[in-house]
Amino acid sequence: MAAIGNDVFFAAIPELNARLKNKEFKAEDLARAFAERLAQLGPRYNALALPLHQEAIRAAKAVDKDLKIERYRGLLQGIPYGVKDLLSFAGQPTTWGAKPYAGQVFDYNAAVIDRLTDVGAVLAGKLSMVELAGGGGYRFASASLTGPGLNPWDRSRWSGGSSSGSAAAVAAGLVPFAIGSETSGSIVTPAAFCGVTALRPTYGLVSRYGAMALSWTLDKLGPFAHTAEDCGLILHVISGKDGRDPGSAGKSFYYAPQYVRPVKELRVGFAPVDWAEWAEPSARPAFDAALEVVKAAGVRMIETKLPLYPYGAALSTILAAEQGSIFEPLIASGRVNELADAAQIAGLKASLEVAAKDYLKAMRLRRLMQEAMQRLFADVDLLVAPARTGPASKIDQPLDRGAGAGGPAPKDPGFRAIIQAGNLAGLPALVLPCGFAEGLPVALQLVGAPWAENTLLAVGREFQLRTDWHKRRPPV
Amino acid sequence: MKLTRRKLAVILASGSALAQTPPPTPDDLLKTARERNQANAAALDAESIPMSTEPAFQFKA
């Protein structure tokens, strides 16, 4: 077996693929090294749900046969990866991070796994998650079958949720990339807390066939990786029409940031209050410096604000109604009481009581919100805001307490509700590590109009050419 | 020591004060969840929506 150096564990996808093609190591060597590292270090962060060592070696050997005859399938060929344990992988447990489903096995693969398999990517393991992707609303980081997600930068801090293992595994160099999901913040938050790059695609761009449903109208799948370019390469593969997903938009994504308008011509909306007041004091220097980098790229900065709507109330109502219907059998059976988080159990039970009129009102308001966001994107090409206002919270801190500075909340909401607004409108978002606060990563989010992924990725690539935050490694 | 509201808030938010607070019972949590749903519904009710606005989903025949 060829020696796999530590640099390999944090290398971007094009570099790994080039080294495979140059025969510096075989796909089998790479799969073995990552699978062993994932098995060894994954539990350290409660990031590993299921090792797939033998399956990975078998898949990697097939890749080596292809490479030997120069049968190339793209840049993801031979690259190991992990998936959040809400994606089914035939014949293996898919727990959804929750005790009532610990023994659940499907006989088919999630669409994203099949798409990645088709291009020769190698599934190395399934990654931990908050139980039921947080459905019902959890109060503690411990709301998971695998225990609280521990942050690779500081294990006394949370890795974020609900795609906890996906973010932690990439941050710690346990897999080169991972797939996670977002209903409202489950990609953005763990990526920001763990200091990795991640992309929440436009609603409907990536098939959710074979993924646990939490909310039919909000769920999305997306990549965690080391760079914006990696995210683009992964999205290129996993996007596309799928008749098995009723939410599929029937669109594909071709990673081609070179064909978007020059970065210097882009208009970037921001709200000064996000940076000066909403951001936690410890994180403001990092956020301010990052905003200067965005400005230095030559974009035109435009002060703007989120249209005023009750985004949180609408999202919570829609999510409650849909998750209540989806998990009604679990709630009715009483097995909901086996979940780890008492607040989540109560939230799921209460979700059965959401009135149809409230759900429909939220969905009608959502239409107005969507139209308001379309008008906003007539004036700007993308928005920039802190991904989260500060670094990861302490592992035992109740999540409903918030980690804010403790003073009165600013009167101007700025883009405080951009995660809820972005998810309600189905907008894509790119998370970019942008510095440190209290020794922990903090990140920006770029949010675009529907199908503007290439624009986000072009700006993200430019940002990462000018900074090295995405190259920092935790003390693994 | 004069106890201002700000100081009281700091004390109440401290770990020692929290440690003395009994954990909420399942009934407490269910009540809280229901109240949250009601508060969300009230926030939605405060918004006026044109009658012609259809919900943000499409039925496909």
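**Close-up 1. A hairpin made of E4 and E5 in chain A of this predicted model.**
Start with A:Leu150, whose bridge partner in E5(A) is A:Trp158. The two strands involved are E4 (residues 150-151) and E5 (residues 154-158) of chain A, and they pair in the antiparallel sense over two bridges. Just two residues sit between E4(A) and E5(A) in this hairpin.

**Close-up 2. The cis peptide bond between A:Gly161 and A:Ser162.**
Follow chain A on from E5 and you get to the loop that leads to H5, where A:Ser162 lies. The peptide bond joining A:Gly161 to A:Ser162 is cis, with omega at about 10°.

**Close-up 3. Helix H5 of chain A lying across five strands.**
H5(A) covers residues 164-171. The strands it lies across are E1, E2 (80-84), E3 (122-127), E6 (177-182) and E8 of chain A. Against E6(A), the helix runs at about 155°.

**Close-up 4. The open sheet of chain A, with its eleven strands.**
Reading across the sheet, the order goes E1-E3-E2-E6-E8-E7-E12-E13-E11-E9-E10, and the pairing is mixed. Which strands sit at the edges? They are E1 (48-51) and E10 (300-303) of chain A, each with pairing on one side only. From one strand to the next, the twist averages 30°. As a reminder, strands of a sheet pair through backbone hydrogen bonds, in either a parallel or an antiparallel sense.

**Close-up 5. E7 and E8 of chain A, paired in the antiparallel sense.**
Here E7(A) takes in residues 197-200 and E8(A) residues 220-225, with two bridges between them. Look for A:Thr197, which stands opposite A:Ala225 of E8(A).

**Close-up 6. A:Asn46 and its positive phi.**
This residue isn't a glycine, yet its phi is positive, at about 50°. Where is A:Asn46 found? Check the loop between H2 (27-41) and E1 of chain A.

**Close-up 7. Where chain B touches chain A.**
On the chain B side, 18 residues are in contact with 26 residues of chain A. Sort that chain B side by class and you get eleven nonpolar, four polar and three charged residues. As for the scores, the model comes in at ipTM 0.92 and pTM 0.95.

**Close-up 8. Helix H10 of chain A packed on helix H3 of chain B.**
H10(A) spans residues 311-326 and H3(B) residues 26-45; their axes are 9 Å apart, at an angle of about 125°. That angle is why H10(A) counts as oblique to H3(B). The crossing of H10(A) past H3(B) is left-handed. From H10(A), the contact draws on A:Ala313, A:Ala314, A:Ser316, A:Thr317 and A:Ala320. From H3(B) come B:Asn37, B:Asn40, B:Ala41, B:Ala43 and B:Leu44. Broken down by class, this helix-helix contact has six nonpolar residues, four polar ones and no charged ones.

**Close-up 9. Confidence along chain B.**
Chain B has a mean pLDDT of 79, and 67% of its residues reach 70 or more. Which element of chain B has the lowest mean pLDDT, and which the highest? Helix H1 (residues 5-13) of chain B has the lowest, at 52, while H3(B) has the highest, at 98. That H3(B) is the helix that packs with H10(A) in the previous close-up.

Conventions:
Residues numbered from 1 in each chain as written. Chains lettered and ligands numbered in written order. Predicted model: local features only at pLDDT ≥ 70, side-chain atom pairs only at ≥ 80, totals over all residues. Contact = placed C-beta atoms within 7 Å. Nonpolar A, V, L, I, M, F, W, Y, C, P; charged D, E, K, R; others polar. Pairing = 2+ DSSP bridges. Helix = DSSP H or I, 4+ residues; strand = E, 2+ residues; numbered from the N terminus. Axes fitted to C-alpha atoms, helices over the stretch in contact; angles between N-to-C directions. Parallel < 35°, antiparallel > 145°, perpendicular 65-115°, else oblique. Left-handed = near helix turned anticlockwise from the far one by under 90°. pLDDT = per-residue confidence, 0-100.
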